[in-house]
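Please read these points with the structure open beside you. They go from one contact outward to the whole assembly.

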Protein chains: 2
Amino acid sequence: MKLKDLAEQLGLSQTTVSRALNGYPEVNKATRERVAQAAQKFGYSANANARRLAIGRVGAIGILMPRDRSQRFGPHTSEFFSGLAERLSLDEMDLLMSPVVNNDELGAYRRLISSKRVDGIIVTGPTLMDERVAMLIEAKFPFVLHGRTNIQAPHAWLDIDNAGAFRQATSHLIDIGHRRIAMIDGHKGHTFSEHRETGYREALLERRIPVDPRFIAHEHFSDETGFHEAQRLLSYDPHPTAILAGSMMTALGVFRAIRSKGYELGKEVSVIAHDDVFPYLNASNMVPAMTTTRSSIRSAGSRIAELLVQIIDGEPVENIHEIWPVELILRQSSGPPVPPRR
Amino acid sequence: MKLKDLAEQLGLSQTTVSRALNGYPEVNKATRERVAQAAQKFGYSANANARRLAIGRVGAIGILMPRDRSQRFGPHTSEFFSGLAERLSLDEMDLLMSPVVNNDELGAYRRLISSKRVDGIIVTGPTLMDERVAMLIEAKFPFVLHGRTNIQAPHAWLDIDNAGAFRQATSHLIDIGHRRIAMIDGHKGHTFSEHRETGYREALLERRIPVDPRFIAHEHFSDETGFHEAQRLLSYDPHPTAILAGSMMTALGVFRAIRSKGYELGKEVSVIAHDDVFPYLNASNMVPAMTTTRSSIRSAGSRIAELLVQIIDGEPVENIHEIWPVELILRQSSGPPVPPRR
DNA sequence: GCATAAATTCAAAGCGCTTTGAATGAAACA
DNA sequence: TGTTTCATTCAAAGCGCTTTGAATTTATGC
């Protein structure tokens, strides 16, 4: 059933029916009701493509499948998506996930824009001089970046305070007596990873504790890499008395490594993990409960969707920058260093 | 830049340019080249909405945000999506995620169909008499179901052998001497959950071991529920000597509960988990390595995307039914029951 | 009771593409 | 050379909607 048919059924013009359905004021109330009922009855709903063509707006925002396979759809991505989806549903907006073909990421962004399949784009996991961001700015296409870059031209972004999180965690560990502190985080090049390392270094520097490069690891987030890196770290003599883990998955592996070496968690070796708040993996439920720097990636997604919709509606991009603070939540996996038993 | 502009630039008609771009044979080779070059140069790419309106095809498949919040975008969903996305990229198809508004799920499906935003739909997490499936069959809209229902009318589906997986795991446990075996799985009502329970019961029945209803738990998949349910199970006297966990997350909680009670995993209490193969959570890396029934949910997603594309291309739906076998992989978390050390 | 304003409704144009049916020019045939 | 055929190209119609500008009906003021 199309608009024409519906209009004929009702003995009205397409114009009136269209207006009735779209809530225009110049339609008689009785007529509007009648139209609504008929639409309901016949299960009519406008052909989205015709509608979009006519109004020049899509009602969807896009996101490209994250570039490297390892990052693609990790648990972080899915939590983030969940936040996006939740917010977008309020505006009845769709979320379009488009693949990167031929590994031509920039081209994929360009095509997504010029084919008018989406009203705006969300960019995640940026590097410091992210070329996708540069391109989108240049193209003047609405987008919001999750994370930050060093690119100066105005654009909208939302990021958490990664440097602050790791600075705070590191300082805390120093405060309670640790001197050999290691970190296992995500791959270098990504802004969040660089920022975290910066925070970590700043905290050490402030207390004049030298940075031991062996104590810094960059890997993707999984229990496996957490395990391997922690094993490596603990094999040094003296080994670190505290480990910062970039994600909950990493932390699971770190826990495992500490146990398998026979150390007591939270005593001989402390662990602080960054927690993106996964509904199915709760830091306070671990044994021992895990000390974390916490920030909900889902909430970030939700807010980003909101911002993008605002931008699409014409909000100027200049002032849309948010840095979210990260909470340090002390639990049992961290404590003053205790010399090894034995 | 639109087709008209591009055509004018080239001194050609829109017809010819369109045909050149879409690979029609009746275009001079030299012309085709020239057009391709110009398109590249001007960054032209057809307005997707106009194109779709004209050809009546969208180039996207849809999926609605899973219904209940708990299930929405768990780690399973994201792995599944990942598989879908991977396969769809081969066909340059988009994946459209549409929200369910006002909690009107069926209405959301109807609107998705009648608004012609997608060429086909993927349905997940069905119940035994899933109304969405019934509706889609009725509407004759292309779709593939991940899972199964008891609905008889022909429709395409792909499922793993959930009953077989749990039957096999249970039988194995019985074989090595267990008599009190518990299961913690997903919510009742979902087909996969019912099938698993069926498999479990069949295995017990076959050996004439009575089913203890206290030993069956249905909860959503998270480490927290795994922990709580396992705690409950282990508080019975006598307690189960083996626990089947419906997901890796659940298993993490179960591990924790067993340890916190002071039992030795794989001896006093065995655990077998169903593993959907998460790249960031590896069963063989746990300590002890976890015995699992394994089936990749990502591969399932990939295959389902493939099937849906075939259906959209006209493949009849009658014969598209796949049941994937599930492997039981023995590792250290299961073994013959050992009487508690005092 | 008539002119004017306000409330409704409508016909037709346009969104940017594909595709039908016709036109053109070149090559092949007789 | 005139006629066919084939290879290319084109003009125009149509996809289903929104929206402009005009037409009609109804309400209001004097």
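Which atom of DNA strand C lies 2.9 Å from a polar side-chain atom of B:Asn22?

1. The partner of B:Asn22 is a phosphate oxygen of DNA strand C, 2.9 Å from the polar side-chain atom. Bear in mind that this is a predicted model.

2. Two further contacts also involve phosphate oxygens of DNA strand C. In B:Tyr24, an N or O atom of the side chain is 2.3 Å from such an oxygen. In A:Asn28, a backbone N or O atom takes part, at 3.2 Å.

3. There are 26 residues around DNA strand C, and those that come nearest are A:Thr15, B:Leu3, B:Ser18, B:Arg19 and B:Tyr24. On the side of DNA strand C, 63% of the atoms within 4 Å of the protein belong to sugar and phosphate.

4. By class, the surface near DNA strand C consists of eleven polar, ten nonpolar and five charged residues. In chain A, helix H2 (14-21) and helix H4 (48-55) each supply at least two residues of this surface, as do helix H2 (14-21) and helix H4 (48-55) of chain B.

5. The domains of chain A are domain 1 (3-46), domain 2 (60-160 + 298-324) and domain 3 (162-296). Between the C-alpha centres of domain 1 and domain 2 of chain A the distance is 36 Å.

6. A turn of 180° with a shift of 0.1 Å along the axis lays chain A on chain B with an RMSD of 0.2 Å. This is the relation of a two-fold axis. Of the interface residues of chain A, 100% are also interface residues in chain B, so the copies meet through the same surface.

Conventions:
Residues numbered from 1 in each chain as written. Chains lettered and ligands numbered in written order. Predicted model: local features only at pLDDT ≥ 70, side-chain atom pairs only at ≥ 80, totals over all residues. Heavy atoms only, no water. Least-squares fit on C-alpha atoms with pLDDT ≥ 70 in both. Contact = heavy atoms within 4.5 Å. Domains from an automatic or database assignment. Near = heavy atom within 4 Å. Polar contact = N/O pair within 3.5 Å; in protein donor to acceptor, adjacent residues only side chain to side chain. Helix = DSSP H or I, 4+ residues; strand = E, 2+ residues; numbered from the N terminus. Nonpolar A, V, L, I, M, F, W, Y, C, P; charged D, E, K, R; others polar.
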